[in-house]
Amino acid sequence: MNETFKVMEERSSVRLYQKDKEIPSETLHQIFEMAGKAPSAWNLQHWRFIVVTSQEQKEKLFPIAYNQKHVLDASAVVVVLGDTEADKVAAEVFEKAPEEARNILLKNINSAYSQGRAVGEREALKNASLGAMQLMLAAKAVGVDSCPMTGFDHAAIVPALGIPERFIPVMMITLGYADGPAKPTERFDVNRIVMHDKFEEK
């Protein structure tokens with residue numbers, strides 16, 4: 001099997017972790033470096049990641065995550081944020097682009113984001129999710145297991161971690177080393193999820 005497909009096949013949501021086992025800092029760095037290579041609209045790279053490794057901070061997140069135990073046992077908990085004002089980095093992103101192309105791109109970005117925060121929030125959620133998925137695949141590629149979590153108190157996590165208004169919490173991801181096999185899950189057959197040319201009820 002192709003190595004990429006193998007990683008995708010083996011990645012699963014792990015909720016039982018080996019306690020007190022740290023992820024080497026070089027490994028974490030590699031995971032986030034690869035996560036940062038995910039695609040994003042206009043290459044604005046809407047994601048930011050808060051990495052929580054101290055037990056004290058994990059205990060602070062525990063009630064915010066509705067007492068889900070893997071938050072305490074995981075080696076690290078990543079809080080994925082989305083940038084609702086990603087247009088503010090556009091000039092930096094396209095600094096080296098040819099002037100004509102740069103001007104067109106900046107005009108288009110400014111036009112889209114001038115429609116209000118709802119646009120920024122929508123783009124933040126979509127694009128940060130791409131970064132989150134790439135993060136989990138990168139983690140699995142280096143032997144680190146993960147579990148995405150959207151079940152947490154989104155309002156409470158903001159003051160708990162000092163998140164500025166510009167950024168919104170998208171999801172939490174636990175990272176660590178599985179303590180036993182993950183629980184298998186059933187998946188729809190590919191013919192159930194794929195339609196051709198138009199929507200078909202299946």
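These notebook entries record what I looked up in a predicted model of one protein.

**Entry 1. Overall layout**

I began with the whole chain. The protein has 202 residues, of which 37% are buried. I found nine helices and four strands. Followed along the sequence, these elements run in the order α-α-β-α-α-β-α-α-α-β-α-β-α. I then took the extent of the C-alpha trace, which spans about 55 × 45 × 35 Å along its principal axes.

**Entry 2. The annotated span**

I consulted the UniProt record next. An unreviewed entry there lists residues 9–177 as "domain: Nitroreductase". I looked up the make-up of residues 9–177 in the model and found 47% helix and 17% strand. The C-alpha atoms at the two ends of this span lie 17 Å apart.

**Entry 3. Strand β2 and its partners**

I turned to strand β2, which covers residues 76–83. How many of its residues are buried? I found eight of the eight to be buried. I checked the two faces separately. One side carries Ala 76, Val 78, Val 80 and Gly 82, and the other carries Val 77, Val 79, Leu 81 and Asp 83; all are buried, and both faces are thus covered.

I then asked which strands pair with β2. Strand β1, residues 47–52, pairs with β2 in the antiparallel sense over six bridges. In this pairing Val 51 stands opposite Val 78 of β2. Strand β4, residues 167–176, also pairs with β2 in the antiparallel sense, here over eight bridges. Leu 81 of β2 stands opposite Pro 169 of β4.

**Entry 4. The nonpolar core**

I looked for the largest nonpolar core and found that it has 22 residues. Which members touch the most others? I noted Val 78, Val 80, Leu 135, Val 144, Ile 173 and Leu 175. Helices α2 (25–35) and α7 (117–141) and strands β2 and β4 each supply at least two residues of this core. The most comes from α7, which gives six residues. I set beside this a general remark: in soluble globular proteins, nonpolar side chains tend to be buried together.

**Entry 5. Two pockets**

I searched next for open space. The largest pocket holds about 340 Å³. I listed its lining as Met 8, Glu 9, Arg 11, Ser 12, Ser 13, Arg 15, Ala 182, Lys 183, Pro 184, Thr 185 and Arg 187. By class, I counted three nonpolar, three polar and five charged residues in this lining.

The second largest pocket holds about 210 Å³. It is lined by 14 residues, and those closest to its centre are Glu 22, Thr 53, Lys 58, Ala 74 and Ser 75. Helices α3 (55–64) and α4 (70–73) each supply at least two residues of the lining of the second largest pocket. I classed that lining as five nonpolar, three polar and six charged residues.

**Entry 6. Contacts across the sequence**

I examined two residues that have a partner far along the chain. Val 14 lies in the loop between α1 (3–10) and α2. Is Val 14 buried or exposed? Its relative accessible area is 3%, and buried means under 20%, so I recorded Val 14 as buried. From Val 14 to Gly 176 there are 162 residues in sequence but 8.6 Å in space, C-alpha to C-alpha.

Pro 63 lies in helix α3. I recorded Pro 63 as partly exposed because its relative accessibility is 47%, a value between the limits of 20% and 50%. Pro 63 and Ala 156 are 93 residues apart in sequence, and their C-alpha atoms are 9.6 Å apart in space.

**Entry 7. Positive phi angles**

I closed with the backbone of the loop between α2 and β1, where Asn 43 is placed. Asn 43 is not a glycine, yet its phi is positive, at about 55°. I found Asn 43 to be partly exposed, at 39% relative accessibility.

Gln 45 has its place in the loop between α2 and β1 as well. What is the phi of Gln 45? I read a value near 50°, positive in a residue other than glycine. At 29% relative accessibility, Gln 45 counts as partly exposed.

Definitions and conventions:
Residues numbered from 1 in each chain as written. Predicted model: local features only at pLDDT ≥ 70, side-chain atom pairs only at ≥ 80, totals over all residues. Heavy atoms only, no water. Buried < 20%, exposed > 50% of the residue type's maximum accessible area, 1.4 Å probe, protein only. Pairing = 2+ DSSP bridges. 1 Å grid on protein atoms, 1.4 Å probe; cavity = no way out; pocket = protein on both sides within 12 Å on 5 of 7 lines; lining within 4 Å. Points joined across faces, edges and corners; volume = space filled by probe spheres on them. Nonpolar A, V, L, I, M, F, W, Y, C, P; charged D, E, K, R; others polar. UniProt positions renumbered as here; feature names shortened; annotations may be inferred. Core = buried A, V, L, I, M, F, W, Y, C linked by side-chain atoms within 4.5 Å.
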